[in-house]
Amino acid sequence: AVQVLHSCHRAGLVPTQRDFELVIVALSKKLQWRRALQLMDWMEILKIRRTRAIYNAVLNACAKAREAGQAKNLLVRMRKDVTPDIVSYNSVMAACASTSRWKDALSILDQAHRDPGVTPDRYTFTK
């Protein structure tokens, strides 16, 4: 799928936001968070807006891969593009918790509480 995006671009076609989203979500499900981040960078170069779904997919992949630092950095980046939701915060907290970074997880929880429109859910307090 990544090769198809590159082939389209070489042929003079600009992949759409939805094209990128489909590929990034698929990569994230396979825990290919590095490749997903590379595609997000390419989207930025092409001036294609990254969606909350894209960010959340990559955040979830980072959490499953126990990449707390990457997840925290991606949350900061996300805030510049779109508003995080509770899924975003939960993924970052899960990444922090899986690496015993409990102070970071509590800090992210505090941010979630202060973010208007974000309401912690059952997952927030159990994972």
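This section describes the helices, the nonpolar core and two buried loop residues of a predicted model.

The largest nonpolar core comprises 39 residues, and the members with the most contacts inside it are Phe-20, Ile-24, Leu-39, Met-40, Val-58 and Tyr-89. At least two residues of this core come from each of H1, H2, H3, H4, H5, H6 and helix H7 (102–114). Phe-20 is one of the buried residues of H2. Beyond residues up to four places away in sequence, Phe-20 touches Leu-5, Pro-15, Leu-39, Trp-42, Met-43, Leu-46 and Ile-48.

Helix H2 (17–29) has 13 residues, for which a rise of 1.5 Å a residue predicts a span of 18 Å; the end C-alpha atoms are 18 Å apart, in agreement with that value. The buried residues in H2 are Phe-20, Glu-21, Val-23, Ile-24, Leu-27 and Ser-28. An α-helix has 3.6 residues a turn, so residues three or four places apart point the same way. The cover over the buried residues of H2 includes H1, H3 and H4. Leu-31, just after H2, adopts a positive phi of about 60 degrees.

Helix H3 (residues 33–45) also consists of 13 residues. Its expected span at 1.5 Å a residue is 18 Å, and the distance of 19 Å between its end C-alpha atoms agrees with this. Within H3, burial is found at Trp-33, Ala-36, Leu-37, Leu-39, Met-40, Trp-42 and Met-43. These buried residues are covered by elements including helix H1 (2–10), helix H2 (17–29), helix H4 (52–64) and H5. Just after H3, a positive phi of about 60 degrees is taken by Lys-47.

The loop between H3 and H4 contains Thr-51. With a relative accessibility of 10%, Thr-51 falls under the 20% limit and therefore counts as buried. Apart from residues up to four places away in sequence, Thr-51 touches Gln-17, Glu-21 and Val-82. Of these, Glu-21 is among the buried residues of H2, and Val-82 is located in the loop between helix H5 (68–81) and helix H6 (86–98).

Val-82 is itself buried, its relative accessible area being 9%. When neighbours within four places in sequence are left aside, its contacts are Arg-49, Arg-50, Thr-51, Arg-52 and Tyr-55. Val-82 and Arg-49 are 33 residues apart along the chain, and 9.1 Å separates their C-alpha atoms.

The axes of H5 and H6 come within 8 Å and cross at roughly 160 degrees. This angle is over 145 degrees, so H5 and H6 are roughly antiparallel to each other. Their crossing is left-handed. On the H5 side, Ala-68, Ala-71, Lys-72, Leu-75, Met-78 and Arg-79 meet Ser-88, Tyr-89, Val-92, Ala-95 and Cys-96 in H6.

For H6 and H7, the axes come within 8 Å and the crossing angle is roughly 170 degrees. H6 and H7 are therefore also roughly antiparallel to each other, and the crossing is left-handed. The contact involves Tyr-89, Val-92, Met-93 and Cys-96 of H6, together with Asp-104, Ala-105, Ile-108, Leu-109, Gln-111 and Ala-112 of H7. Tyr-89, Val-92 and Cys-96 of H6 are thus found in the contact with H7 and among the residues that meet H5. Tyr-89 is, in addition, one of the residues with the most contacts inside the largest nonpolar core.

Methods: Residues numbered from 1 in each chain as written. Predicted model: local features only at pLDDT ≥ 70, side-chain atom pairs only at ≥ 80, totals over all residues. Heavy atoms only, no water. Helix = DSSP H or I, 4+ residues; strand = E, 2+ residues; numbered from the N terminus. Buried < 20%, exposed > 50% of the residue type's maximum accessible area, 1.4 Å probe, protein only. Contact = heavy atoms within 4.5 Å. Expected span 1.5 Å × (residues − 1). Core = buried A, V, L, I, M, F, W, Y, C linked by side-chain atoms within 4.5 Å. Axes fitted to C-alpha atoms, helices over the stretch in contact; angles between N-to-C directions. Parallel < 35°, antiparallel > 145°, perpendicular 65-115°, else oblique. Left-handed = near helix turned anticlockwise from the far one by under 90°.
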